[in-house]
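Reader: Thanks for sitting down with me. Could we go through the labels on this model and the reasoning behind each of them?

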Amino acid sequence: MNIRLRFRRDKYQIYRADSEKIRRDFDDTFYRNSYPDVVGDRVDPVIHYLEHGSKEGRRPIPDFDPHYYLREYGDKIGTMEPFVHYVTIGRGLGFRGAELDFHHTEQLVYPNGVVPSRRPLNHEDFALATPLPADLRGFDFPRVAAIVHAYYPELMGEIFEKLEECPCPIDIFVSTDTEDKKAAILKDGGAFRRGKVEVRVVANRGRDVGPMLTAFVDVFEDYPAFLHLHTKKSPHGGDDLASWRNYLFASLIGSKDIIETNLTLLDRHRKGFVFPQHLYVLRGILNWGYNFENASRLLRKVGVTLSKDMILEFPSGTMFWARTAALKGLLSLGLRLDDFDEEAAQVDGTLAHAIERSLLYFGESEGFGWAKVLDRTFTYPHPQCVFSARTATDLEEILAKVDRPLIAGAVSGHLPLARTIPEARDILFAPSLSERRRFVLLVPSINPRQTFGGIATAIKLFKDIAKKAGDDVDFAIVTTDAEIEPEGRSAFPDYTVQKIGDIDSGARFTLVDADQRTFKRFPVRANDVFFATAWWTALFAKSGQSFIRSYFKKASKYIYLIQDYEPNFYGWASKYALAESTYFETDRFIAIINSEELLNFFNKSQYEFQTSFCLPYKLNDNINKLLKPARREKIIMIYGRPSVHRNAFEIICDALAKWQMRNPVEASTWRILSLGENFDERWASPVQNLSVLGKLTLEQYAYWLNRSSIGISLMLSPHPSYPPLEMAEAGLMVVTNDYGDRHMTDRFDLTSLPYLSPDLLSDALEACVERYRTGAYPVQAPRGVPKPFPLDEASVYATERLLAALDG
């Protein structure tokens, strides 16, 4: 037998069972077109996927990503191949095959002038099945209104009949265009028992939208919620749209329970609009049409800047339940009926069409979300997209999936800046209904191997806030740059671990892993206080604050722990500009500036912080307890961090090498310990006697501080850096450097170089070694004594002062 043929048959037998399970769903054409290396008639794409593609993250269909599926559901699929699990089990459970995605094009305008929209894919467009169970229904509206445009009065009888089922009193206000139609409507409504019926004759402009916004302004003043309907026939749509009215009516007023459900969503869940899932035959034409510029002009008047990159969502057919307050911005425009287009059987491009597409944006600008619903008796082509709620928790989770905030953006990380500066990928937000105050710490990581002094300081301050803020305050830590590892979780045993995209659990202490956040949102509360710890987290805090303002009308200042002048970390380029931008708009944050020297720098700079506190240098309490100087050994301790350029690692290495080669005999008796970061010892070649200890525990750090004689720690920054201060307080002979107005001899008796070069540092090191050799530096050297550093007491940071400033 041909060896190759036998090999292919053997592979087929290995993957036969799995291939049969997925072959029907597998898209051979897509797979071959996407991966040109899968060529030739002899290559079975299904077998290739199972053998290679799944491990490599190749997609068997456009809407399935094996790596995403494994990351999200790995604990549930065991040893099964991800696509096999999805096809046989996961899809039926509602598991997603890939991260949420959209119909979207970067093209600005189609050749026909239509502005493309960003819309959820058909199988990612969700709705709530209605009615809800009885125990999840209930509202407090004493009376509501129905505003109905009746161009076809013969259809009003059906509306009167259905609204008799309304669980609360409902007054019906009807617009029509002739007195004869008015008379017919009043005759049909004469027997209506749930409320009054009033008909107003309005010129036939703006279809149903113009009369609603111009003829019933007084109604909006008297009712907290209303229903908007019209006698829709859609004669332009043919057979496909013949059932549209019935479809919309069923999910809006189909029964007493459905009406009660819709009013429940408005009242209990702060939804501004509740409307039916789109009729499926319309999905291909749900776009901006010729309405983008009109919509943009309208929304700018209420402070909303529209972008085609935002998700487009709207109640197609313009029938919905709504809170009157959600229309406040739109009503404030004072539109008149003659602002609307004269009727000419238009199917697009009118003011009414622009308003239809803008409604949810107006609602969000007033702080209200929205919900899409579907009468559960309808069979939807994607049943996995219609969710049924059995419990209150189910309902919150479903509403979080259904209601995708529009104004806040749709995707994180897709623009050029975020692609090249990944730490600056936006965090997307969604509103939470919780009214409890919460402090939200934004940190790159909480994993011990990644938490250096800056993050440790932020966590320490945050924990102190948690002790003193009161039991009615919650706390969340959001990690922005790294997945939370088991060691990171174990450091916060009282915290509930969640992923970004989960609903607000209401837990008092929460850890949120936001590393994978392309389409996922962090739920923010009206009373959230963000705590930024680096320039990119300050951008997130500012963005979150803006989101809170847009939804809840006011927002607390955020806290900004400034631990260095971060623009100097980079060349004069985008990162420099972004980092510096966080020092402006100073009315939006309270600055905590880490060290007196850094405070002096900012006080002399162009940045004028309205409210700031200084976090003065203080030796870590645990290190302080552990410092018990022993006999000083021939040990040189260096703060060696090759990845942090401001610590001048290369200059330290050059200086050490020059000192050793100039003094080979003496240097051979000295050990060199590098602390701060792990690296290959060859990076420091030809330096001898070097041991890379990397990141140490406090106990290990104190052990070597007690025994070492010389410390070298450099810092090209206004911030002094804590290692040279800690070394000096431990009693080491320290060599460091000045920077601008920062003079380290103001702190301790040490050697601080006026500028940096390998020769200058080598000479300073040689002088320290000579002091040790001659006994000028005693081998039983005591701890160093800090010099007093003048600081206005009122500017010294204290948690109580911070809380008072936030409340002031």
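**Cysteines, burial and charge**

Author: Happy to, and let's begin with charge: this is a predicted model, and in it the mean positions of the 99 positive and 108 negative charges lie 3 Å apart.

Reader: How do you know that C166 is in no disulfide?

Author: The structure holds zero disulfides. For C166, the nearest cysteine sulfur belongs to C168 and is 4.0 Å away. A disulfide needs two cysteine sulfur atoms within 2.5 Å, so C166 is left without one.

Reader: Why is C166 called buried?

Author: Its relative accessible area is 2%. The label applies under 20%, so C166 is buried.

Reader: What makes C653 too far from the closest cysteine sulfur for a bond?

Author: That closest sulfur is in C768, 18 Å from the sulfur of C653. Set against the limit of 2.5 Å, the distance is too far for a bond.

Reader: And is C653 buried or exposed?

Author: C653 has 8% relative accessibility. Because buried means under 20%, C653 counts as buried.

Reader: How much of the whole protein earns that label, and what surface is left?

Author: Buried residues make up 54% of the 808 residues. The protein exposes about 34,900 Å², with carbon and sulfur atoms supplying 51% of that area.

Reader: Which secondary structure elements does the protein have, and how many?

Author: There are 28 helices and 27 strands. The C-alpha trace spans about 115 × 85 × 50 Å along its principal axes.

Conventions
Residues numbered from 1 in each chain as written. Predicted model: local features only at pLDDT ≥ 70, side-chain atom pairs only at ≥ 80, totals over all residues. Heavy atoms only, no water. Helix = DSSP H or I, 4+ residues; strand = E, 2+ residues; numbered from the N terminus. Buried < 20%, exposed > 50% of the residue type's maximum accessible area, 1.4 Å probe, protein only. Areas by Shrake-Rupley, 256 points an atom, 1.4 Å probe, with all protein chains shown as cover. Lys, Arg positive; Asp, Glu negative; His and termini not counted. Charge placed at Lys NZ, Arg CZ, Asp CG, Glu CD.
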